[in-house]
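Trainee: I'd like to practise reading a model feature by feature. Could you walk me through one?

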Amino acid sequence: MDSGKQSVISIKDLKMNYGSKEVLKGINLEIQGGEIIGYIGPNGAGKSTTLKILLGLINGYQGEIKLFGNDINVNPVEYKKKIGYVPETAQMYDTLSAREYLTFIGEIYGLKYELVDYKAKQLMKLFGIGDAYEARISSFSKGMKQKVLIISSLIHNPDILFFDEPLSGLDANSVMIFKEIITELAEQGKTIFYSSHIMDVVEKISNRIILIKDGVIVADGSFQELQAMSKEGSLEEIFNQLTGFNQYKEIAESFISVLKEG
Amino acid sequence: MKEFKILKLLDKISWIFIKMGVDYPLMRRILQLKLVMDERRVPTVLVNEKKASEKKNTFRSSLFVYLFMGAFIGGFIFIPIPMFSKMNIIIAMLLFMIMTTMISDFSAVLLDVEDKNILLSRPVDSKTLSAAKLIHIINYLFRITLSISGGTLVCGAVLYGVLFSILLLIELVLMCGLVIFFTSVFYYAILSFFNGEKLKDIINYFQIALTIFMTIIYQFIGRIYNLSAISIDTKPNSWDFLLPTAWFAAPFSLVIEHNISRHIIVLTLLGIFIPVIMMILYQRLVIPHFEQRLNKLNGVGNTTRLGRNLLSNKVGQLVCKSAQEKSMFGFTYAMLGNERKLKLRIYPMIAFAYIFPIIFIMNQIDFDASFYDSIKEIGDGLNYFNLYYSVAILSSLFSFIRLSENYQGAWIYKVLPIDQPSKIIKGALKAFILKFIIPAFLFISILFVLLFGKRILPDLFLMFVNMMLIIILSIHMGKKELPFYLDFQYAQNGNNAARVLLMFLLSGIFAAAHIVAILIHPMAIYINLAISFVIVAVLWQVTFRFSWKQIEM
């Protein structure tokens, strides 16, 4: 990687066990500002675990993790001010209204109430759900909840963004807005850590793709580099090849033949 | 956002938190948010009440319920028995109420993992979060404790002076500490051996127990005061040392009665030191490990109860004709076992079905005559007709089946190729009867046969058939509703009360016919049985003939 720049995220020999099960078996990563990382891997490969460790949601890992040059265990509150997170499952205090929830989150990040209130309202409007600002989140549709989650992750203008399936439930127009936002943010030097199963999106937006399987990194590079490495066309095919999965046709055929039984 | 009094109170002692290294403004903000969210939550005590309006603080109304109950507990003060025994009883009731409330209403707070998932990825340190959580629990627990013990505080002050109340207040703090400790250890133990789903089940049972207990207290209140007639053993026992109620009762004997026996002094010391030690242990040992165990709640439960499902499937094969009805039977049977909120509504009603006839019979017991004689006298009479109260309550239960926590899942009825909606309701009804009605009626029938003898067996059969008649009749007359399609929030209580009233009316009519049959001729009951049976058979054919258009959805 480019020398001279200081890594925004630096992970050295990260290992994690759940009981006797080894989930991460030594992850090494250096990520610079302005990168959009597509973090992909099969189910149970350790993607969410990596994210949760980086966010301080899980403890008990081995190895060293530095964000902005500081160990994440030393002053966790400081680094969390500069990150944003969209979790995979839409966990929110949904008995609150969008206004109550977003202003609360903003205030945790140290913003003044009036400012968050204004920003949150504007952002909701821009996402086309301004009318629902005073309504309870529990009454929202899946896509609306997702928009609130995205706003809550961005409202304090963080330097690193962790997205775990951020597009679930969003309509095509909102997806386009969101992709554009990501690209612009990266141009401003922000780091985006994007974890998803939707290969087409990852292929298009990421400028660096990291593929993990069974707790180790099996590929790391731009889409073009991955293409050259595996001689395959789309990211989906590269994913299949690198994860050693090539019998999808056979499985599909067996699946259908089971359906026909009886 | 709304300002709460407790927050202003906390502002005055904010320096304590700041000294402990807690981010006070943040803690205050989290607490404020939690309090707002709580106002939008309905506590168990009020589960039978009408859904309160948004603005109204449902917690405050539940405090009145506790205050009311507490008044009765306080009445015990006036019973002329030794202080130590008296306080033992009072504290046992207070502790029981505090403990069950803690488990049923504040488990949600104690076991909240949502906080962790939402807040820990943000700049919040875990110390601040734990402090907010603890204050949140203590705030409620102490207010509830004060309401429940309000009666005792006042009555005690009247009878023994203010010293009594001051002593009780100090003890209440210690008792709350003990309760928080025990609940956490209890949950910790459950989570060590079982998964999060099991814990939720256990909490559900506590909620059911609390609802039943509250109702029984109302019913029995007059009777409880007769307890004074029962002699209470006042000798110091060595097992007192194991009873928390004895630890807390001892200081009253010591301070108010100046009883300075060694027994009392040791108990008093236990009552002070054990809660304090427990609180320190809680802070040092339980909290760190507890939080880790809580991660289990995030996981998915994987308990399979294959055995039970197999049995219900076999029964389903026997009692259902069409395949769709059979599958509906199995589905309903499984749903009824898993729907926690539904159980919270149904089980207390079943308990009432047991309790009401027994209470009415107990009211007949003549306490002046010998117990055996009065039981024998009742056993010879017609008091078993009180069972029609059970019949009425049990008949009203089936309408609960339209409610579900997962009411959104009801789209499947519309999507699936079901030609006759009656098949859905038939299957559901059969499963419901098998799951709740038959076991409940069987149990209380056995009790009644023990009391009244085998002679009432034909009557019990007639009652059961009449109960079926009432259930089918109410389906016939009522709206045709599918199972599990409605949110609890739409189940207004007024509706249900009217339904129960109708059931009582119908039961009354059939009970009257039953009595007339008995009085005419000993054999007439079989004619009544035959008639009821024929009506059931005919009604069954007539009722289950509706089309999709008649279905309420």
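Trainee: Let's start with chain A: what percentage of its 262 residues count as buried?

Mentor: Keep in mind that this is a predicted model. In chain A, 49% of the 262 residues count as buried. The chain has 10 helices and 10 strands. Take contacts between residues at least 6 apart in sequence: 65% of those in chain A join residues at least 24 apart.

Trainee: Which residues does Gln146(A) touch, leaving out those up to four places away in sequence?

Mentor: Val86(A), Glu165(A), Pro166(A), Leu167(A), Ser168(A) and Leu170(A). Gln146(A) sits in helix 5 of chain A, and its relative accessibility is 2%, so it counts as buried.

Trainee: And helices themselves, how do I read those?

Mentor: Here's the general idea: an α-helix has 3.6 residues a turn, so residues three or four places apart point the same way. Length is another thing to check. Helix 10 of chain A covers residues 248-260, and at 1.5 Å a residue its 13 residues should span 18 Å; the end C-alpha atoms are 19 Å apart, which agrees. After helix 10 of chain A comes Gly262(A), with a positive phi near 85°.

Trainee: Where is Asn157(A), the residue I flagged on the phi plot?

Mentor: Asn157(A) is in the loop between helix 5 (142-154) and strand 7 (160-164) of chain A. Its phi is positive, about 55°, although Asn157(A) is not a glycine. Asn157(A) is partly exposed, at 47% relative accessible area. Asp214(A) is another residue other than glycine with a positive phi, near 50°. You'll find Asp214(A) in the loop between strand 9 (208-213) and strand 10 (216-221) of chain A, and it is partly exposed at 45%.

Trainee: On to salt bridges: how many does the structure hold over all chains?

Mentor: There are 12 over all chains. With each one, look at the distance, then at where the partners sit. Arg208(A) pairs with Glu35(A), the closest N and O atoms being 3.2 Å apart. Arg208(A) is in strand 9 of chain A and Glu35(A) in the loop between strand 2 (21-31) and strand 3 (36-40), 173 residues apart, so the pair links distant parts of the chain. Arg208(A) is buried, with a relative accessible area of 4%, and Glu35(A) is buried at 13%.

Trainee: Which residue does Glu134(A) meet in a salt bridge?

Mentor: Arg99(A), at 2.3 Å from N to O. Glu134(A) lies in the loop between helix 4 and helix 5 of chain A and Arg99(A) in helix 3, so the pair ties together parts 35 residues apart in sequence. As for networks, salt bridges that share partners join Glu35(A), Arg208(A) and Asp220(A) into one.

Trainee: Last topic, the interface. How do I describe its size?

Mentor: The size of an interface is often given as the accessible area lost when the parts come together. Chain B and chain A bury about 2300 Å² between them, 60% of it on carbon and sulfur atoms. On the chain B side, Arg40(B), Arg122(B) and Pro123(B) lose the most area to chain A, together 30% of what that side buries. By contacts, 22 residues of chain B meet 25 residues of chain A.

Trainee: How many salt bridges are counted between chain B and chain A?

Mentor: The count is 1: Glu107(A) with Arg29(B), whose closest N and O atoms are 2.4 Å apart. Helix 3 of chain B gives the largest share of the side that touches chain A, 7 residues. By class, that side of chain B has 11 nonpolar, 2 polar and 9 charged residues.

How values were computed. Residues numbered from 1 in each chain as written. Chains lettered and ligands numbered in written order. Predicted model: local features only at pLDDT ≥ 70, side-chain atom pairs only at ≥ 80, totals over all residues. Heavy atoms only, no water. Contact = heavy atoms within 4.5 Å. Buried area = accessible area lost by both parts, 1.4 Å probe. Salt bridge = Lys/Arg side-chain N within 4 Å of Asp/Glu carboxyl O. Helix = DSSP H or I, 4+ residues; strand = E, 2+ residues; numbered from the N terminus. Nonpolar A, V, L, I, M, F, W, Y, C, P; charged D, E, K, R; others polar. Buried < 20%, exposed > 50% of the residue type's maximum accessible area, 1.4 Å probe, protein only. Expected span 1.5 Å × (residues − 1).
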